[in-house]
Amino acid sequence: MKFLSYLFIAVLLAQSSQAEERMLEDVIDEVNVSVLSITVDTDGGEQALGAGFVVGADGYIVTNAHVVEEAKDIRAETIYGDAYATKLIGIDKKTDVALLKAEHPLGLEPVHFADSDAVRVGQAVFAIGNPYGLGNSVSSGIISAKERDIEKGVYDNFLQTDAAINQGNSGGPLFNMNGEVVGMNTVIFSEQGENIGLGFATPANMVQWVVNSLKENGKVERGWLGLSVRPVRAKGDNVMQLAIAEIVENSPAAKAGLKVGDIIERLSNISLKNPRLFSAEIAAAKPETKLSAVVKRDGKIINLDIEVASMPSEETSEKEGVAPWQKFEDAGLSKEKFEKSVEFNELGMTAYYDEAAQNFIIIAVEPETDAAQKGIVAGNLLLAVDNKKIYGIEDLQTKIKQAAAKGQMELKIKSGQDFDTITVKLGQ
C-alpha cells in the first residue's frame, strides 16, 4: 500500500514537472510575437542587426541606442515575417535606450513588465533576440548578479545573466518564467564577441522610465541637486553612509542649506546604498519634486527640504543668441571668468581655474584629441592630475611639463555627480 502511495506521488511529480515544461513552452509562444528582429541601414551603406520588443499596442518599440543611433532606415520584423517600417522617436545614450514607432502597427502585441527591483539572484530567466541575424532565438539561464557596475556609463545598474547572449541580441528582452520583461539585453563581456556566459541587461524599471520620458518629450529630462557624495564609515561602526563631498554654487542643494561634510541619514525614498545608485535615483526624480532630507552635522540632526531641478547639461541652453559662458552659469562661471580661461594645448582643452573650489572648469575640448576621444567634454571639472591637487594655472603648466617625458597624464574628472580617472596622451 505504501509502495502504491509512493508510486502515485512519483507520477504526480512527473506530471507536475511535465506541466511546468509545457507551461514554459506556452509562455514562449505567447511572448515570441512581441520580440522583433531589427535591421538598420546606415548612411555609410552598412547594415546593423539587433533586436527589440513592443512596449505599446500603438506601435512603440524599444531597443538599444547603439543599434539605431546611426540609422538611415530602420525595419522591424516579427517571428511570423510581418515587417514594419519604423521611425526613431528618441535616444538616450546614457542608458543606451532608444524608442521607435512602427508606422502601421496593426497586429503588434506589447510585452508586460515585471518589477526589476524585485528580481532575485538565482531566479530563472530566458532571453529572446536576433543572434547573427538568425531571427528570434531563445536561450535560458539565471540572474547571476544585480546592480552591476561595468563602467559602461554614468548610470550602470545592470542585471547579470548567464543566458546565452550574442551579437544581434542587443535590444532584446530578458523574461522571467511568467513571460514578464525584467530587463533589456545590452552588453556582453567577451574578447572575441562570442557568448561566454557574461551578459548584462538594463533593468526593466529603468527601461520603462526612459521610454516614458522619450514618449513625452523626445528626450530624457533628469533630476539634479547639485551635489556629489562619497561613502564614509564611522569609527567602530560597520555601517557605510553617504557624506556630501561637494556642492555646486546656487544649486538646489546649496539653496536648501546643505553643506559639505553633512552625513545623509535620509533623503525621501532615494537609495543611500552607494554613490552610484544615489546618483541614478536623483537623476530619475522629476524636476520640481520636493525631497525631505535628514542630515547629521557636527553630531546634530537637521531636517531640510530640497527641490529637484533639471540637470543643467540637459537644459535648453543651446538656443541662438545665448552667450557661451551662460551655458556654464550653474557651475558658477560668469562672463568675466569665461574670458579668463586658459588654453592648455598639450591637453587639448581650454579651462578656467576656480580659486575657491581649487579646480578647473573645462570650457572646451579640441576635437580629435585624446581627451575628446576618451569622453572629456566642456562642463566637466578637472580636479587633479597624476593624483596631485592643482593649485592654479602655473601649477598645472608645471605639472604638464613634468609629465612631458612620459607623454601622458592621469586626469581626475568630475562629470555631473560622478568621478572618473582618465589617462590622456599629451599633444604638442
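**Strands, spaces and loops: a chat about the model**

Colleague: I'm new here, so let's start with β22 and β23. In which sense do they pair, parallel or antiparallel?
Modeller: Keep in mind that this is a predicted model. Strand β22 covers residues 349–354 and shares six bridges with β23. One place to look is Asp354, which stands opposite Asn359 in β23. The sense in which β22 and β23 pair is antiparallel.

Colleague: Which residue takes a positive phi in the hairpin of β22 and β23?
Modeller: Four residues sit between the two strands of that hairpin. With a positive phi near 55 degrees, the one you want is Gln358.

Colleague: What about β23 itself: how many of its residues are buried?
Modeller: Strand β23 runs over residues 359–365, and it's mostly covered. To count as buried, a residue needs under 20% relative accessible area. Of the seven residues in β23, the number that are buried is six.

Colleague: β23 also pairs with β24, so which residue there is the bridge partner of Phe360?
Modeller: β23 and β24 pair in the antiparallel sense, over two bridges. Look across from Phe360 into β24 and you'll find its partner, Leu382.

Colleague: Let's move on to the open spaces. What is the volume of the second largest pocket?
Modeller: A quick idea of where to look: 25 residues line this pocket, and the closest to its centre are Asp117, Asn157, Ala280, Glu281 and Ala284. The lining has 13 nonpolar, seven polar and five charged residues. The volume of the second largest pocket is about 610 Å³.

Colleague: Which element gives the largest share of that pocket's lining?
Modeller: The elements that give two or more residues to the lining are β9 (137–148), β10 (158–161), α3 (204–217) and α5 (275–284). The largest share is five residues, and it comes from α5.

Colleague: α3 is in that list too. How far apart are its end C-alpha atoms?
Modeller: You can work out what to expect, because a helix should span 1.5 Å times one less than its number of residues. For the 14 residues of α3, that expected span agrees with the distance between the end C-alpha atoms in the model, which is 20 Å.

Colleague: Which elements help to cover the buried residues of α3?
Modeller: First, the buried residues of α3 are Ala204, Met206, Val207, Val210, Val211, Ser213 and Leu214. What covers them includes β3 (60–64), β5 (83–92), β6 (97–102), β7 (112–113), β12 (180–188) and β13 (199–203).

Colleague: And what phi does Gly218 take?
Modeller: Gly218 comes just after α3. Its phi is positive, at about 75 degrees.

Colleague: How much space lies in the largest cavity?
Modeller: The count comes to one cavity of 30 Å³ or more. The residues lining the largest cavity are Leu225, Leu227, Leu258, Ile264, Leu267, Ala293, Val295 and Ile306. By class, that lining has eight nonpolar, no polar and no charged residues. The space in the largest cavity is about 40 Å³.

Colleague: Which elements give two or more residues to the lining of the largest cavity?
Modeller: Ile264 and Leu267 are two of the lining residues, and so are Ala293 and Val295. The elements that give two or more are β17 (263–267) and β18 (290–297).

Colleague: Asp298 has a positive phi too; is this residue buried or exposed?
Modeller: Asp298 isn't a glycine, yet its phi is near 55 degrees. It lies in the loop between β18 and β19 (300–307). Its relative accessible area is 77%, and the cut-off is over 50%, so Asp298 is exposed.

Colleague: Where is Asn387 found?
Modeller: Asn387 is not a glycine either, but has a positive phi of about 65 degrees. At 73% relative accessibility, Asn387 counts as exposed. Asn387 is found in the loop between β24 (381–385) and β25 (388–389).

Colleague: Last one: how far apart in space are Asn178 and Ile28, C-alpha to C-alpha?
Modeller: Asn178 lies in the loop between β11 (173–176) and β12, and is exposed, with a relative accessible area of 60%. Asn178 and Ile28 are 150 residues apart in sequence. In space, C-alpha to C-alpha, the distance is 9.3 Å.

Key
Residues numbered from 1 in each chain as written. Predicted model: local features only at pLDDT ≥ 70, side-chain atom pairs only at ≥ 80, totals over all residues. Heavy atoms only, no water. 1 Å grid on protein atoms, 1.4 Å probe; cavity = no way out; pocket = protein on both sides within 12 Å on 5 of 7 lines; lining within 4 Å. Points joined across faces, edges and corners; volume = space filled by probe spheres on them. Nonpolar A, V, L, I, M, F, W, Y, C, P; charged D, E, K, R; others polar. Buried < 20%, exposed > 50% of the residue type's maximum accessible area, 1.4 Å probe, protein only. Contact = heavy atoms within 4.5 Å. Pairing = 2+ DSSP bridges.
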